[in-house]
Amino acid sequence: MSLNPDKKPVVAVIGVGPGIGEAVSHHFAQKNFAVALIARTESKLATIQNTINSSVGSAASKYYVADARSESSLQSTFAAIKSDLGVVDVLIYNAGSRRFTPRTILETSSEEFESFTKINLFGAFYAAKCVIPGMLEKGEGTVIFTGATGSIRGSAGLSSFSPGKFGLRSLMQPSDLAGIYWWLYTQPRSTWTQELDVRAQREQMFSKM
């Protein structure tokens, strides 16, 4: 049974949590999209789904627990999304993993480096492979990757984070960024953006420390 009887366009947001993921999901829901919320932590997903559905509508969003490091996990998740909501029209890959305490390369374990790179880079590849066939069949679709400052400028202590994000690229206030993502989706083909570098006017890599 379809959970999207009105056949709304579908957006899948990977890496949904307080901040960018939640803001972007809420923004697209308000624009009459069926929103697939994807992350590893079910408690956070349930809270965000309830928040969106309470303010937008009971069927505005549905959450899916998945691990972006696992291709099979994403494959089964996107199969469920297609069955529940339909073909994904917009993919927003917002998943990311890093530490707030810097470490040198010698202090960084190989396991951490591999795990972070799988989340920050490989997961985007896995997810894109899941949605692109449906987009090609429809003849349209949008894929947006959230990078970070580390995408373009490495910082001391972030050897396990920057390499993965270097493969993507972008950052800012979540609500502002949600509007920019919507603009990227709706922009006319005559003025097409290949890459957008969005960062706060004043930023510090370890501003939360």
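Colleague: Which residues touch the most other members of the largest nonpolar core?
Modeller: They are Val 11, Phe 28, Val 35, Ile 92 and Tyr 181, in a core of 25 residues (buried Ala, Val, Leu, Ile, Met, Phe, Trp, Tyr and Cys joined through side-chain atoms within 4.5 Å). This is a predicted model: local features need pLDDT of at least 70, side-chain atom pairs count only at pLDDT 80 or more, and totals for chains, interfaces and linings use all residues. Residues are numbered from 1 along each chain as its sequence is written, and side-chain values use heavy atoms, without hydrogens and water.

Colleague: And which elements give two or more residues to this core?
Modeller: Strands S1, S2 and S4 do, together with helices H1, H2 and H6 (174-186). These are DSSP runs numbered from the N terminus: helices are H or I, at least four residues, and strands are E, at least two.

Colleague: What does Ile 92 touch?
Modeller: Leaving out residues up to four places away in sequence, Ile 92 touches Val 11, Ala 12, Val 13, Ile 14, Val 24, Phe 28, Ile 144 and Tyr 181 (heavy atoms within 4.5 Å). Ala 12 and Ile 14 are also among the members of a second, separate core of 23 residues, which includes Phe 78 and Val 88 as well.

Colleague: Turning to the sheet, what is the order of the strands?
Modeller: The open sheet has five strands in the order S3-S2-S1-S4-S5, with parallel pairing (at least two DSSP bridges). S3 (61-65) and S5 (142-145) stand at the edges with a single partner strand each, so one side of each has no neighbour in the sheet.

Colleague: How many bridges join S1 and S2?
Modeller: Five bridges link S1 (residues 10-14) to S2 (residues 34-39) in the parallel sense. Val 11 is the bridge partner of Val 35, and Ala 12 is that of Ala 36. S2 and S3 likewise pair over five bridges, where Ile 38 of S2 has Tyr 64 as its partner in S3.

Colleague: How many residues of S2 are buried?
Modeller: Six of its six residues are buried (under 20% relative accessible area; exposed is over 50%, partly exposed in between; 1.4 Å probe, protein chains only). Ala 34, Ala 36 and Ile 38 point one way from S2, whereas Val 35, Leu 37 and Ala 39 point the other way.

Colleague: Where does Lys 44 lie?
Modeller: Lys 44 lies in helix H2. Lys 44 is partly exposed, with a relative accessible area of 45%. Its C-alpha atom is 8.0 Å from that of Pro 18, which is 26 residues apart along the chain.
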